[in-house]
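This report describes the fold, the metal site, the nonpolar cores and selected backbone features of one chain. The sequence and the structure are shown first.

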Amino acid sequence: MKMYCWKCEKDMKKVKDDFHGFVVDAWKCPKCDEIIYDEKSIQPILQYNKLKGVKKALTVTVGALGKSKIFRIPKIAEQLYGINKGEKFQFELESDRITIKMR
Ligand SMILES: [Zn+2]
């Protein structure tokens, strides 16, 4: 797929760029530095920014599968971080919270 700068009609280069703190696919004009973000990559981020509350906290409910307790990864988180089956996470246990980190 090719993108052309709407200002100078130059062939834009495919780059990775920061969009609200997330790395996304984008195209950059070598002449004027105009950046166009990949629509599909920024969609979940825009949605995320619209989430109510400044903490961006999502509530998940614990369920059960056999004897294990499980919870679902919210769709928005799945899209934002590109989480797939088999992905490994690190649970950091603290006295008052659990932090989940991608590995
Ligand atoms: Zn340009």
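The radius of gyration of the chain is 19 Å, whereas a compact globule of 103 residues would have a value near 13 Å. The model is a predicted one. Along its principal axes, the C-alpha trace spans about 60 × 30 × 20 Å. Of the 103 residues in the chain, 18% are buried. Among contacts with a separation of 6 or more, 22% are between residues 24 or more positions apart.

The secondary structure consists of two helices and seven strands. Their order along the sequence is β-β-β-α-β-β-α-β-β.

**Zinc site**

The zinc ion is coordinated by the SG atoms of C5, C8, C29 and C32, at 2.0 to 2.3 Å. The angles among the four donor atoms are 104 to 119 degrees, and the site is tetrahedral. Because four donors count as tetrahedral if all angles lie between 85 and 135 degrees, this range satisfies the criterion. The spacing of the donor residues in sequence is C-x2-C-x20-C-x2-C. Distant parts of the chain are linked by the pair C5 and C29, which are 24 residues apart: C5 belongs to the segment before β1 (13–19), and C29 to the loop between β2 (22–28) and β3 (35–37).

Are C5 and C29 buried or exposed? C5 has a relative accessibility of 2% and therefore counts as buried. C29, at 0% relative accessibility, also counts as buried. The threshold for this class is under 20% relative accessible area.

**Nonpolar cores and aromatic residues**

The largest nonpolar core has eight residues in all: F19, F22, V24, I42, I45, Y48, I76 and L80. Two or more residues are given to this core by each of β2, α1 (39–50) and α2 (75–81). The largest share, three residues, comes from α1. A second, separate core of five residues includes M3, C5, W27 and C29. Two of the zinc donors, C5 and C29, are thus also among the residues of this second core.

Within the largest core, I76 touches P44, Q47, Y48 and L58, when residues up to four places away in sequence are not counted. The structure holds three aromatic pairs. One aromatic cluster is formed by F22, Y48 and Y81; of its members, F22 and Y48 also belong to the largest core.

**Selected residues**

D11 is found in the segment before β1, as is C5. Apart from its neighbours within four places in sequence, D11 is in contact with K2, M3, Y4 and P30. The C-alpha atoms of D11 and W27 are separated by 9.3 Å, the two residues being 16 apart along the chain. Both M3, a contact of D11, and W27 are listed in the second core.

H20 is found in the loop between β1 and β2, and D33 lies in the loop between β2 and β3. Phi is positive in H20, at about 50 degrees, although H20 is not a glycine. D33, also a residue other than glycine, has a positive phi near 65 degrees.

The relative accessible areas of four residues discussed above are collected here.

| Residue | Relative accessible area | Class |
|---|---|---|
| C5 | 2% | buried |
| C29 | 0% | buried |
| D11 | 34% | partly exposed |
| H20 | 53% | exposed |

Conventions. Residues are numbered from 1 along each chain as its sequence is written. This is a predicted model: local features need pLDDT of at least 70, side-chain atom pairs count only at pLDDT 80 or more; totals for chains, interfaces and linings use all residues. Side-chain values use heavy atoms; hydrogens and water are left out. Donors are N, O and S atoms within 2.8 Å of the metal (3.2 Å for Na, K and Ca); water is not among the atoms, so sites may look incomplete. Four donors count as tetrahedral if all angles lie between 85 and 135 degrees; four count as square planar and six as octahedral if opposite donors are over 155 degrees apart and all others between 65 and 115; anything else is irregular. Helices (H or I, at least four residues) and strands (E, at least two) are DSSP runs, numbered from the N terminus. Buried means under 20% relative accessible area, exposed over 50%, partly exposed in between (1.4 Å probe, protein chains only). Rings of Phe, Tyr and Trp (its six-membered ring) pair if their centres lie within 6.5 Å; planes under 30 degrees apart count as stacked, over 60 as edge-to-face and the rest as tilted. A nonpolar core is a set of buried Ala, Val, Leu, Ile, Met, Phe, Trp, Tyr and Cys residues joined through side-chain atoms within 4.5 Å. Contact means heavy atoms within 4.5 Å. The radius of gyration is taken over C-alpha atoms; the globule rule is 2.2 Å times the number of residues to the power 0.38.
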